[in-house]
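Hello,

Here is the structure for you to look through. My notes follow below it.

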Amino acid sequence: IDGTVEYIAYEKVHETVRAGDLVIARCTAPVVKLCIELIQRRISARVRGKDIGKSLTAIVKDVAKMPNYTWANFGKCLEEYRNTRIYKLLQKKGGEAQAESLRDRIQGIWVCYTSFNARSIEQLCLEIEDLFSDNRAAVVLSTVHRAKGLQENRVFILRPDQMPLSWKGQLDW
């Protein structure tokens, strides 16, 4: 079917998308960020992939188990968690891809933490789970991997500069 390809500025996405549209990106963090921005503008939006939400809340709960954790220093603990885990991943052969994935998930958590008005770990986890809920009709945001097999009349690609994603030590294949 004939269609059109248009390039729009990120600032115009909020004015352009509507319920039923699909927005895809290579990484999780930009999808989470845009979803929160849409919700703040009273545009119904959700991120596809409950398992992504579970992955993020699992990290949040791990951070809460750290010995120096308090809600007041969640951001500092999240950074410490990221640095420690990424260091360990980079010690393994081929760990750069896993490290990049962890960086992306932690950036997604940071976006949620700084955007939501949560006052506890439990509340932050509930907000994240709601963000990834399939219970409402909305603009659907998804990583490319979660969007496989989907089609919509209108599809937006967020951060096309990240497709394909590359990182240090990436194998040619």
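How many disulfides does the structure hold? Zero. Keep in mind that this is a predicted model.

Two cysteines show why. The sulfur of Cys 27 has its closest cysteine sulfur in Cys 112, 15 Å away, which is too far for a bond. A disulfide here needs the two sulfur atoms within 2.5 Å. Cys 77 gives a similar answer: its closest cysteine sulfur is in Cys 125, at 14 Å, again too far for a bond. Both cysteines sit inside. Cys 27 counts as buried at 8% relative accessibility, and Cys 77 counts as buried at 0%.

On confidence: the protein chain averages a pLDDT of 86. Of its residues, 96% score at least 70. Confidence is highest in H4, at 95. It is lowest in strand S2 (residues 45–47), at a mean of 84. Where pLDDT is low, the predicted coordinates should not be read in detail.

Next, helix H2. This helix covers residues 28–40, 13 residues in total. From first C-alpha to last it reaches 19 Å, close to the 18 Å expected at 1.5 Å a residue. Is H2 enclosed or open? Largely enclosed by the rest of the structure, because 10 of its 13 residues are buried. The buried residues include Pro 30, Val 31, Val 32, Leu 34 and Ile 36. Cys 35 and Glu 37 are also among them. After H2 comes Arg 42, with a positive phi near 65°.

Now the aromatics. The count comes to four aromatic pairs. One of them joins Trp 71 and Tyr 113: the ring centres are 5.5 Å apart and the planes meet at 80°, so this pair is edge-to-face. Trp 71 lies in the loop between helix H3 (50–64) and helix H4 (74–91), while Tyr 113 lies in helix H5 (residues 95–115), so the pair ties together parts that are 42 residues apart in sequence. Trp 71 itself is partly exposed, with a relative accessible area of 22%.

Tyr 113 also pairs with Trp 110. That pair is tilted, with 5.4 Å from centre to centre and 45° between the planes. Both residues lie in helix H5, three residues apart, about one turn of the helix. An α-helix has 3.6 residues a turn, so residues three or four places apart point the same way. Trp 110 is partly exposed too, at 35% relative accessible area. Add Phe 74, and you have one aromatic cluster: Trp 71, Phe 74, Trp 110 and Tyr 113.

Last, a look at Ser 142 and Ala 147. Ser 142 lies in strand S3. It is buried, with a relative accessible area of 0%. Leaving out residues up to four places away in sequence, Ser 142 touches Leu 22, Val 23, Ile 24, Ala 25, Val 31, Arg 48 and Ala 147. Val 31 is one of the buried residues of H2.

Where does Ala 147 lie? In the loop between strand S3 (139–143) and strand S4 (155–157). Ala 147 is buried as well, with a relative accessible area of 9%. With the same sequence neighbours left out, Ala 147 touches Ile 24, Arg 48 and Ser 142. Val 5 is 142 residues from Ala 147 in sequence. In space the two are 19 Å apart, C-alpha to C-alpha.

Best wishes

Notes. Residues numbered from 1 in each chain as written. Predicted model: local features only at pLDDT ≥ 70, side-chain atom pairs only at ≥ 80, totals over all residues. Heavy atoms only, no water. Helix = DSSP H or I, 4+ residues; strand = E, 2+ residues; numbered from the N terminus. Expected span 1.5 Å × (residues − 1). Buried < 20%, exposed > 50% of the residue type's maximum accessible area, 1.4 Å probe, protein only. Phe/Tyr/Trp six-rings, centres within 6.5 Å; stacked < 30°, edge-to-face > 60°. pLDDT = per-residue confidence, 0-100. Contact = heavy atoms within 4.5 Å.
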